[in-house]
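Work through the exercises below with the sequence and the model open. Try each task before reading its solution.

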Amino acid sequence: MTPGLHRREVVLSGGETRPYDPAAWHDALVLVARGEVELLTVHGERRRFGAGAVLCFTGLPLRSLCNPGPGQTTLVAISRRATDSFSTGVPSHSQVRGGNPETEPS
């Protein structure tokens with residue numbers, strides 16, 4: 001893993017449901033490494049994703065994450081470290097220079 005990234009695993013036991021915590025998943029790409037995960041929205045909708053799915057929970061109206069199966073589900077979350085130059089606390093190129101990076105020369 002490169003120094004600018006943080007990796008963590010979340011294991012859900014068979015039938016386990018966890019409340020969705022937006023801060024825990026902020027800025028993370030999530031891989032369903034094993035099993036299935038079912039996402040329950042605040043509107044009561046359910047979506048199920050199996051092993052190999054790559055997800056991003058940021059900005060979704062989620063209520064909870066559930067393992068619908070009998071075996072374990074493993075989620076691997078990769079996110080940028082807070083000290084990374086692309087983190088939300090650091091101004092972007094256009095904010096620093098006051099321009100539009102799409103129209104500035106390279």
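**Exercise 1. List the contacts of W25, leaving aside its neighbours within four places in sequence.**

Solution. Step 1: set the cut-off. Contact means heavy atoms within 4.5 Å. Step 2: read off the partners. W25 touches R8, V10, Y20, V30, F57, T58, L65, L75 and A77. Step 3: know the limits. This is a predicted model, in which local features need pLDDT of at least 70, side-chain atom pairs count only at pLDDT 80 or more, and totals for chains, interfaces and linings use all residues. Residues are numbered from 1 along each chain as its sequence is written, and side-chain values use heavy atoms, with hydrogens and water left out.

**Exercise 2. Place W25 in the largest nonpolar core.**

Solution. Step 1: define the set. A nonpolar core joins buried Ala, Val, Leu, Ile, Met, Phe, Trp, Tyr and Cys residues through side-chain atoms within 4.5 Å. Buried means under 20% relative accessible area, exposed over 50%, partly exposed in between (1.4 Å probe, protein chains only). Step 2: find the hubs. The largest core has 16 residues, and W25, V30, V37, L55, F57, L65 and L75 have the most contacts inside it. Step 3: assign the sources. At least two residues each come from β1 (5–12), β3, β4 (36–41), β7 (62–66) and β8 (73–80). The largest share, three residues, belongs to β3. Step 4: recall the background. In soluble globular proteins, nonpolar side chains tend to be buried together.

**Exercise 3. Order the elements and the strands of the open sheet.**

Solution. Step 1: count. The protein chain holds two helices and eight strands. These are DSSP runs numbered from the N terminus: helices are H or I with at least four residues, strands E with at least two. Step 2: write the order from the N terminus: β-β-α-β-β-β-β-β-β-α. Step 3: lay out the sheet. Four strands run β1-β8-β3-β6, with antiparallel pairing. Strands pair if DSSP finds at least two bridges between them. Step 4: mark the edges. β1 and β6 (54–55) each pair on one side only. Step 5: inspect one pair. Two bridges join β3 to β6, and V30 stands opposite L55 in β6.

**Exercise 4. What is the phi of D27, and where is D27 found?**

Solution. Step 1: read the angle. D27 has a positive phi of about 65°, although it is not a glycine. Step 2: locate the residue. D27 lies in the loop between α1 (22–25) and β3 (28–34). Step 3: check exposure. D27 is partly exposed, at a relative accessible area of 26%.
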